[in-house]
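Q: I have a structure in front of me and would like to learn how to read its features. Could you take me through some of them?

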Amino acid sequence: MKTLQKLALSGLISLSAPAWASDFVDTRLSFVFADDNVLAGSGETTPNSPNARFGAGNQNTQFYDNFNTRFSGFESLSNIVLYKRAPAFFEGLTTEAALTLLVLERPSGNVAIQDNSSYIRLNYQPPGWGEKEGVSLVGFPVSADRFRLGYAYRISWGGSGVFTTRSATNGVPGAKLQITREKWYAYVGGKTALVQNELIREEETLYGVMAGAGWDILDTLRVEAGGGYFQKGLVPGLATLGVEAPVNAAGLSAQVVYHVGVPVGTSVDFRLYKNDPEIYERFFAPEQYPGGLSYSVSLEGSYLSQTLEKPDEFGATKPQGATALALQARAKLGFLRMNVLGLYRSLSYIQFDVPGFPPFQDFPEGTKLNPEMFLAIGADYHLPKLHFTPGVIVGVQRPASFRSPSPVLGGNNPPANLIGTRTVVVRDVNQLSILPETCGGSGACGAEPIYSAKATFRWDLSDSVAAVGEVYYTYDTNRTTFRDDITGVAQPTFEKPHALGFNTLLQARF
């Protein structure tokens, strides 16, 4: 070592901090045995419900689950991070870089590897500024998906998908410039995407700009707001006819948070990964129960708008508005935790990244639209000597739906089984349930409320391994499947509304 130091002092070699290879940053292994509906067998429902098996996915979740993450919770995945941080040659400047790869095991057994917002970061701390203050510039060479607008992940927007799926093959890089002070922050940034222009049949650059700020008015009260503008290319159907109709989108999001005894949190899917012990401790530290009362309440809202094709007038476009609201309330009293979730999403908000339904089209005049709304209440109680936490969640949802004055799938020659107007339930992006045309003597079918209840337990076996169990019941009269009628034509028919399922997991996280 002394020899290396002498060589370094003589300028023959350079000694710098080594890069830190990931061996623990957000790795999740999930061994699952589950059945999303023990009351149904293979081929009896849509989507299909196989019998109990090893493995699970989004079909095993409820509408109130995973409010602040894009994952179902049943995946086995790891974020491989190569991270390096070093002081620059200039006073006050620090450099950081992280190559972050998401390794995700598919249910088929295949492994997908993708960039998870790798970045290069420069942070300048002016003289006299605090330890956590500074001016930072972050560049995302491949994907800036973690740089998003909104605060609850379920209604966040402005990720890579904002340019539509046509940009997915090229990645969506970007950059963010932010000033952070003790009581406030402000940022501005942008993204670009390569998307084929259907008029010239060549790729063109689409641009997006984003800006936002937050201010801690009091130690217990924070307000935040952000907005963005994005180009989405041309309406493909009109472009093939020689009509140039650009699709542009813009929107605003804002949040108010009141918190006592707990910091303002954010989704792990927003954060930039760093491989250091502090990050490890924050990700995987056991839940703390300091006693007394602590709580936080947040109310968030977003309004978006984008130009889409007007289906009732050839070559015309019109703005389509989209709204969302989210309420999150969490409280802790001793070993008792309670939470309330509320969500409102217009159908146009759910389909915003597609964009629209059908893609790039606004809804026809006279379409009856209903937004998604749900409310869920949950509580759990920790038994410290047993490291055991039982809990319960109950919720009710009215799913988003629409009833069009024209055939559901549109076009000049719709399928015979879909002629006439029908109600279509939209559970999430492009997840549809087409209801029968009439419901007995009650006339036209409409979307009905969905009721759900879940009992949960978590048994922590060590700092990194836990056994998790869930048993849930759902009453959903909007479930449909297609079956042949007496003429041999497939028609939507109602399934049994009752579903009883369970998930059991042995999960390691390190």
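**Reading strands and a surface patch**

A: Let us begin with strand pairing, keeping in mind that this is a predicted model. Strand 24 and strand 27, which covers residues 498-509, run antiparallel to each other and are paired over 11 bridges, and within this pairing Y473 has L500 of strand 27 as its bridge partner.

Q: Which strand forms a hairpin with strand 24, and how many residues lie between them?

A: Strand 23 forms that hairpin, with four residues between the two strands. The pairing of strand 23 with strand 24 (residues 465-476) is antiparallel and extends over 11 bridges, and R458 has V468 in strand 24 as its bridge partner.

Q: What should I look for when reading a patch on the surface, and which residues form the nonpolar one here?

A: The general idea is to look for nonpolar side chains within 5 Å of one another, on residues with over 30% relative accessible area. In this structure F31, F33, F54, F457, W459, L461 and L506 form such a patch, and together they have about 710 Å² of accessible area. Strand 2 (27-35) and strand 23 (450-460) are the elements that each contribute two or more residues to the nonpolar patch.

Q: Why does W459 count as partly exposed?

A: The class of partly exposed residues lies between 20% and 50% relative accessible area. W459, which lies in strand 23, counts as partly exposed because its relative accessibility is 42%.

Definitions and conventions
Residues numbered from 1 in each chain as written. Predicted model: local features only at pLDDT ≥ 70, side-chain atom pairs only at ≥ 80, totals over all residues. Heavy atoms only, no water. Patch = residues over 30% accessible without salt bridge, like charges linked within 9 Å, V, L, I, M, F, W, Y side chains within 5 Å. Areas by Shrake-Rupley, 256 points an atom, 1.4 Å probe, with all protein chains shown as cover. Salt bridge = Lys/Arg side-chain N within 4 Å of Asp/Glu carboxyl O. Buried < 20%, exposed > 50% of the residue type's maximum accessible area, 1.4 Å probe, protein only. Pairing = 2+ DSSP bridges.
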